[in-house]
Amino acid sequence: MKKRIYKSVTLINFMLLSVIGMILLSCSSDSTTSLPDGDYVTCNLDGTSFTSSSTLTGASYGYNILTISGISIDGGKFVSIGIYKPAEGKTYNLIDDVDEEDKIPGLTTEIGITAANELDENYIARPYVGSASITLTYFDGESASGTFSAEAVHEDDPDRKISITNGKFSITSIIEL
């Protein structure tokens with residue numbers, strides 16, 4: 001009799017845990033939201049790995065512009081990303097135009113990326129120069145995360161270009177301007 005009760009209790013516990021597991025799995029989201037998991041900017045600059053120092057990574061948000069910047073520990077490399085009117089879940093492409101009523105004089109795109117792979121060697125992706133894509137996977141005004149890539153052009157020599165791939169950023173605290 002005790003064995004039968006024990007088996008019944010064990011079976012009930014197993015079924016209960018299985019049902020709870022299925023409920024939890026059914027609540028999972030297919031969303032691409034990626035919560036910030038630190039302060040960094042990381043990518044490949046022409047195939048060379050870049051990761052900013054957490055103490056030299058920051059972001060600001062003001063006038064509808066989110067700016068994220070990361071500098072390497074040696075100070076010779078940096079990546080800076082700008083997004084106009086940031087919205088969680090949105091992918092921004094450099095070739096996209098801002099709606100006419102949202103345009104800021106002199107600003108002709110929603111995004112821009114600047115990078116340096118060595119001191120005084122700045123590369124840019126902005127309107128009519130290079131190409132870029134940024135996906136803002138999380139943004140709540142206080143923190144942000146996302147992915148990016150670009151084909152950036154040297155600021156003084158348009159024949160020199162770098163490829164920025166596998167870009168990812170995470171910011172846990174944004175300075176509001």
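Glu121 pairs with Arg160 in a salt bridge whose closest N and O atoms are 2.3 Å apart; the term calls for a side-chain nitrogen of Lys or Arg within 4 Å of a carboxyl oxygen of Asp or Glu. A search of the whole structure, which is a predicted model, turns up one salt bridge. Glu121 sits in the loop between β7 and β8 and Arg160 in the loop between β10 and β11, so the pair ties together parts that are 39 residues apart in sequence. Glu121 counts as buried, at 17% relative accessibility, whereas Arg160 is partly exposed at 34%. Here buried means under 20% relative accessible area, exposed means over 50%, and partly exposed is in between (1.4 Å probe, protein chains only). As a general point, side chains of opposite charge can pair when their charged atoms come close.

A word on how the values were obtained. Residues are numbered from 1 along each chain as its sequence is written, and side-chain values use heavy atoms, with hydrogens and water left out. Because the model is predicted, local features need pLDDT of at least 70 and side-chain atom pairs count only at pLDDT 80 or more, while totals for chains, interfaces and linings use all residues.

As for the overall layout, the chain has one helix and 12 strands, taken as DSSP runs numbered from the N terminus (helices H or I, at least four residues; strands E, at least two). Along the sequence, the helix comes before the strands, in the pattern α-β-β-β-β-β-β-β-β-β-β-β-β. Of the 177 residues, 36% are buried. The accessible surface amounts to about 10700 Å², with 56% of that belonging to carbon and sulfur atoms; areas come from the Shrake-Rupley method with a 1.4 Å probe, and for residues only the protein chains shown count as cover. Among contacts (heavy atoms within 4.5 Å) between residues at least 6 apart in sequence, 56% join residues at least 24 apart.

Turning to the inside, the largest nonpolar core holds 30 residues, and those with the most contacts inside it are Leu66, Val79, Ile81, Ile113, Phe148, Ile164 and Phe169. Such a core is a set of buried Ala, Val, Leu, Ile, Met, Phe, Trp, Tyr and Cys residues joined through side-chain atoms within 4.5 Å. Two or more residues come from each of β1 (40–45), β4 (65–71), β5 (78–84), β7 (111–116), β8 (122–125), β9 (131–139), β10 (144–154) and β11 (161–171). In soluble globular proteins, nonpolar side chains tend to be buried together.

Phe169, in strand β11, is buried with a relative accessible area of 0%. Leaving out residues up to four places away in sequence, Phe169 touches a list of residues including Tyr40, Val41, Ile68, Ile81, Ile134 and Phe148. Its C-alpha is 7.6 Å from that of Asp39, although the two are 130 residues apart in sequence. Val79, with the same sequence neighbours set aside, touches Val41, Cys43, Leu45, Phe50, Ile68, Ser69, Gly70, Thr114, Ala115 and Phe148.

The whole-structure search also gives two aromatic pairs. One of them joins Tyr61 and Phe139 edge-to-face, at 5.4 Å centre to centre and 70° between the planes. Rings of Phe, Tyr and Trp (its six-membered ring) pair if their centres lie within 6.5 Å; planes under 30 degrees apart count as stacked, over 60 as edge-to-face and the rest as tilted. Tyr61 belongs to strand β3 and Phe139 to strand β9, 78 residues apart, so this pair links distant parts of the chain. Phe139 is buried, at 14% relative accessibility.

Ser143 and Ser49 are two serines worth setting side by side. Ser143, in the loop between β9 and β10, is buried at 10% relative accessibility and, neighbours within four places aside, is in contact with Pro36, Tyr138, Ile171, Thr172 and Ile174. Ser49, in strand β2, is exposed at 54%; with residues up to four places away not counted, Ser49 touches Cys43, Asn44 and Lys77.Two loop residues other than glycine have positive phi. Asn64, in the loop between β3 and β4, has phi near 65° and is partly exposed at 35% relative accessibility. Lys85 has a phi of about 55°, lies in the loop between β5 and β6 (91–93) and is partly exposed at 32%.
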